[in-house]
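Good morning, everyone, and thank you for making the time. Please take a moment with the sequence and the structure on the screen, and then I will walk you through them.

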Amino acid sequence: MEDPFGHRISYLRVSVTDRCNERCRYCMPEEEQTWFAKDETLSYEELLRTVRVGATLGIKKIRVTGGEPLTRPGVAGFCAELAQIPGIDEIGIATNGTLLAKLDGGITIAEHLVKAGVRTANISLDSLDRAVYQRTTSRDLLPRVLEGIDAARAAGFQSIKFNCVLMKGQTERELPALIDFARQKDALLRFIELMPVSTQDVLNDDTFLPVATAKKLVEQTTGPLIESPDFKTNGPAVYHRVPATGQKIGFIGAMTNLHFCENCNKLRLTCDGKLRPCLGSYLEFDLRSVLRAGCTDEELATFFQNVVLRKPKEHDFRHNYQPNRKMIAIGG
């Protein structure tokens with residue numbers, strides 16, 4: 001599938017739940033969150049059928065997201081079935097890490113995921129300071145995250161990435177510790193600019209820390225970073241190498257990088273069955289109604305292709321974007 005701007009679509013982020021055991025201030029509103037009812041959420045069978053059809057159209061990579069995806073029972077089994085779909089080359093999971101070390105049948109959830117065919121884990125990690133972590137997530141769960149990271153390493157994921165959302169007045173003092181920790185854990189560390197996904201007022205002069213500023217602050221610890229243009233993962237991160245150690249650090253500048261959207265290859269499927277061609281756009285299309293109306297696979301494929309044709313050239317975050325969903329209800 002290719003959109004009118006030359007984006008070739010090969011990556012689908014699949015949200016399995018809007019529920020989460022944390023409450024990060026850039027993801028969820030402060031007011032009470034109303035969760036989707038069970039019958040509003042796509043079943044695993046509906047999700048699998050959608051991925052099967054997507055795979056015939058060129059979808060090769062799946063990332064399972066939430067909310068916190070590990071709060072939904074049966075995620076590892078779902079991932080195992082994803083791994084059996086012809087054409088799907090890579091399955092990853094995006095998680096806050098709090099449940100990776102949980103035991104189920106004598107082995108950790110992380111081990112279950114690896115056995116199911118999940119190869120990569122993206123773990124949110126905004127702070128290594130317990131008090132700061134609690135203030136950011138409204139939950140005192142950092143010790144469980146650290147246990148989860150160790151469980152992920154022991155389980156044998158091919159790649160582990162730490163995602164840190166840059167927040168002015170907080171992240172600046174976290175940088176050296178996060179860099180050192182990622183190196184110790186042999187994980188890729190990515191710094192992500194704050195985006196006005198959940199509420200517009202989450203992003204202001206008091207909270208926004210550009211990646212260029214973060215890079216300069218990192219270099220106070222590491223010395224000048226060396227850009228690594230040939231090192232790519234599936235996302236939009238620009239990676240740099242620390243000369244002394246070879247450690248790779250990624251910067252994701254959705255707000256300040258004017259070329260951010262040029263190589264976008266993804267769609268997002270929300271847990272309530274909306275197919276979204278862009279995170280930073282109002283556009284979403286009701287796949288659930290099509291599925292539950294008894295569509296054929298050919299009709300589902302046509303639905304996919306029509307959504308791709310509506311994919312915008314770039315996101316709207318720089319243009320007074322007014323969110324119509326909280327990030328928790330889109331999928332990380």
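**Charged pairs, sheet and helices**

Let me begin with lysine 61, which counts as buried because its relative accessible area is 6%, under the 20% limit for that class. I should say at once that what you see is a predicted model, so please hear every value that follows as one computed from that model.

Which residue does the side chain of lysine 61 meet in a salt bridge? The partner is glutamate 90, with a distance of 3.8 Å from N to O. Lysine 61 belongs to strand β2, residues 61–65, while glutamate 90 belongs to strand β3, residues 90–95, so this pair ties together parts that lie 29 residues apart in sequence. Glutamate 90, for its part, counts as partly exposed, at 22% relative accessibility.

As general background, side chains of opposite charge can pair when their charged atoms come close. The structure holds 11 salt bridges, and I would like to show you two others from that set.

In one of them, the side chains of aspartate 150 and lysine 185 meet at 2.9 Å, N to O. This pair links distant parts of the chain, 35 residues apart, with aspartate 150 in helix α5 (residues 142–155) and lysine 185 in the loop between α6 (171–184) and β8 (188–192). Aspartate 150 is partly exposed at 38% relative accessibility, whereas lysine 185, at 17%, counts as buried.

The other joins aspartate 18 to arginine 19, where the closest N and O atoms are 3.2 Å apart. Is aspartate 18 buried or exposed? Aspartate 18 is buried, with a relative accessible area of 1%, while arginine 19 counts as partly exposed at 35%.

Let me turn now to the sheet. It is an open sheet of 12 strands with mixed pairing, and the strands follow the order β9-β10-β11-β8-β7-β6-β3-β2-β1-β12-β13-β14. At the edges stand β9 (226–227) and β14 (285–286), and each has a single partner strand, so one side of each is left without a neighbour in the sheet. At the β14 edge, strand β13, residues 274–276, pairs with β14 in the antiparallel sense over 2 bridges, and leucine 275 has phenylalanine 285 in β14 as its bridge partner. Helix α1, residues 44–56, packs on the sheet, where it touches β1 (11–15), β2 and β12 (266–269), and the direction of α1 makes about 175° with that of β1.

That brings me to the helix pairs, starting with α1 and helix α2, residues 75–83, whose axes come within 10 Å and cross at roughly 25°. The two helices are therefore roughly parallel to each other, and α1 passes α2 in a right-handed crossing. On the α1 side the residues are Tyr44, Leu47, Leu48 and Val51, and these meet Val75, Phe78, Glu81 and Leu82 in α2.

How do α6 and helix α7, residues 211–222, cross, and at what angle? Their axes come within 10 Å and cross at roughly 50°, which makes α6 oblique to α7. Here α6 passes α7 in a right-handed crossing, and the contact is made by Glu172, Leu175, Pro176 and Ile179 of α6 together with Ala214, Leu217, Val218, Thr221 and Thr222 of α7.

Thank you for listening, and I am happy to go back to any part of this.

Key:
Residues are numbered from 1 along each chain as its sequence is written. This is a predicted model: local features need pLDDT of at least 70, side-chain atom pairs count only at pLDDT 80 or more; totals for chains, interfaces and linings use all residues. Side-chain values use heavy atoms; hydrogens and water are left out. A salt bridge is a side-chain nitrogen of Lys or Arg within 4 Å of a carboxyl oxygen of Asp or Glu. Buried means under 20% relative accessible area, exposed over 50%, partly exposed in between (1.4 Å probe, protein chains only). Helices (H or I, at least four residues) and strands (E, at least two) are DSSP runs, numbered from the N terminus. Two strands pair if DSSP finds at least two bridges between them. Contact means heavy atoms within 4.5 Å. Axes are lines fitted to C-alpha atoms, for helices over the stretch in contact, and angles run from 0 to 180 degrees between N-to-C directions. Angles under 35 degrees count as roughly parallel, over 145 as roughly antiparallel, 65 to 115 as roughly perpendicular and the rest as oblique. A crossing is left-handed if the near helix is turned anticlockwise from the far one by less than a right angle, and right-handed if clockwise.
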